[in-house]
Structures are given as structure tokens and as C-alpha cells.
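Morning, everyone. Please have the sequence and the 3D view open, and follow along as I go.

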Amino acid sequence: QVQLVESGGGLVQPGGSLRLSCVASGSIFSVEGWYRQAPGNQRELVARIFNYGITNYADFVKGRFTISRDNAKNTVYLQMNSLKPEDTAVYYCNTAPPRLQWGQGTQVTVSS
């Protein structure tokens, strides 16, 4: 059974940083994307990583977030810098487009 486990969220002040991690077990698919969902909003794609390390980002995180992958650990990361209050959301990982059952996500709260 596929299991996506996200971790690394927390409470951080504006301008701060967090590093999220995602591990996928029991799946033949590789995690390719980070998504987020803020209260009252639809889930949205934040960043994607493909073969050969090709990445792309939503405009609202460009220059601040970096997605990366450690194949040996079957883990995908999202380094988030210069966080803003509007980045507050539950963050999820999945394939891109999403094919796997969603995990529980990890809460990121940016507040002073």
C-alpha cells in the first residue's frame, strides 16, 4: 500500500525558513511535486521536479523555494526561505499530476 509521509512543518516567523521532507513507500511512482492547501482554498501545485533534476515552480514561490530529491533515500525535499504569512498552509507531496492517495500533509504556519 502506498504511503506518503510529509514532515518538517512548523511555526516560523516571516522571513524564516523551513525544510520539508516527503518519503513515499510502497509505490512504483516517484514523488514529483509539492502542493499546498490553505484554509478555504483549493490545493495548488507549488513545485515539481522531474528526471535529470529539472524543476519548475509556481510564480508565488519562485526564488524562495527549492525542490530537490535524494534518490538513495527515496525522499523529496522542499527548502522554503523568506517565508511569508501567505505561505501558511498544509503542504503535501505527490506525483505531478497527482496519482497517489494523499498523505496527511505537514502544517506550515508563518506568523509573528
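Start with a polar contact: the side chains of Arg36 and Asp87 meet at 2.9 Å. Keep in mind that this is a predicted model. Where does Arg36 sit? Arg36 is in strand β4, residues 33-37. Is Arg36 buried or exposed? Arg36 is buried, because its relative accessible area is 7%, and buried here means under 20%. Look at what surrounds Arg36. Setting aside neighbours within four places in sequence, the residues in contact with Arg36 include Phe60, Phe65, Asp87 and Tyr91. Gln42, Arg43 and Glu44 are also among the contacts of Arg36.

Now the sheet. Four strands form an open sheet, and their order is β1-β3-β8-β7. The pairing is antiparallel. Which strands stand at the edges? They are β1, residues 3-7, and β7, residues 65-70. Each has a single partner strand, so one side of each is left without a neighbour in the sheet. On average, neighbouring strands here are turned by 15° against each other, direction ignored. One general point for the newcomers. Strands of a sheet pair through backbone hydrogen bonds, either parallel or antiparallel.

Let's walk across that sheet. First pair: β1 with β3. Strand β3 covers residues 18-25, and 5 bridges link it to β1 in the antiparallel sense. Find Val5 on your screen. Its bridge partner in β3 is Val23.

Next pair: β3 with β8. They run antiparallel, joined by 6 bridges. What is the bridge partner of Leu20 in β8? That partner is Leu78.

Last pair: β7 with β8. Again the sense is antiparallel, over 6 bridges. Thr66 stands opposite Gln79 in β8. β7 and β8 make a hairpin with 4 residues between the strands. Click on Asn74 in that hairpin, and you will find a positive phi near 50°.

Stay on β8 for a moment. Why is this strand described as largely enclosed by the rest of the structure? Because 5 of the 6 residues of β8 are buried. Take Tyr77, which lies in β8. Tyr77 has 11% relative accessibility, so it counts as buried. Now compare sequence with space. Tyr77 and Ser21 are 56 residues apart in sequence. In space, C-alpha to C-alpha, Tyr77 and Ser21 are 4.6 Å apart. Beyond four places in sequence, Tyr77 is in contact with Ser21, Trp34 and Thr66, among others.

Next, the nonpolar core. How many residues are in the largest one? It has 26. Those with the most contacts inside it are Trp34, Phe65, Leu78, Met80 and Tyr91. Several strands feed this core. β3, β5, β7, β8, β9 and β10 each supply at least two of its residues. The largest share is 4 residues, and that comes from β3. Zoom in on Tyr91. Not counting residues up to four places away in sequence, Tyr91 touches Trp34, Phe65, Leu78 and Met80, among others. Arg36, from our opening, is one of the residues Tyr91 touches.

On to the disulfide. A search of the whole structure finds 1. Which residues form it? Cys22 and Cys93 do, with their sulfur atoms 1.9 Å apart. Cys22 lies in β3 and Cys93 in β9, so the pair ties together parts that are 71 residues apart in sequence. The torsion about the S-S bond is about 70°, so the disulfide is right-handed. Both Cys22 and Cys93 are buried.

Finally, β10. Watch the side chains alternate along this strand. Thr106, Val108 and Val110 point to one face and are buried. Gln107 and Thr109 point to the other face and are not buried. What about the partners of β10? Strand β2, residues 10-12, pairs with β10 in the parallel sense over 3 bridges. There, the bridge partner of Leu11 is Thr109. β9 also joins β10 by 3 bridges, and those two run antiparallel. In that pair, Ala89 has Val108 as its bridge partner in β10.

To recap, with the view still open. Arg36 is buried, and its side chain makes a polar contact with Asp87. The open sheet runs β1-β3-β8-β7. Cys22 and Cys93 form a disulfide. That's my tour, thank you.

Definitions and conventions
Residues are numbered from 1 along each chain as its sequence is written. This is a predicted model: local features need pLDDT of at least 70, side-chain atom pairs count only at pLDDT 80 or more; totals for chains, interfaces and linings use all residues. Side-chain values use heavy atoms; hydrogens and water are left out. Buried means under 20% relative accessible area, exposed over 50%, partly exposed in between (1.4 Å probe, protein chains only). A polar contact is a pair of N or O atoms within 3.5 Å; within protein, one must be able to donate a hydrogen and the other to accept it, and residues adjacent in sequence count only if both atoms are side-chain atoms. Contact means heavy atoms within 4.5 Å. Two strands pair if DSSP finds at least two bridges between them. Axes are lines fitted to C-alpha atoms, for helices over the stretch in contact, and angles run from 0 to 180 degrees between N-to-C directions. A nonpolar core is a set of buried Ala, Val, Leu, Ile, Met, Phe, Trp, Tyr and Cys residues joined through side-chain atoms within 4.5 Å. A disulfide is a pair of cysteine sulfur atoms within 2.5 Å.
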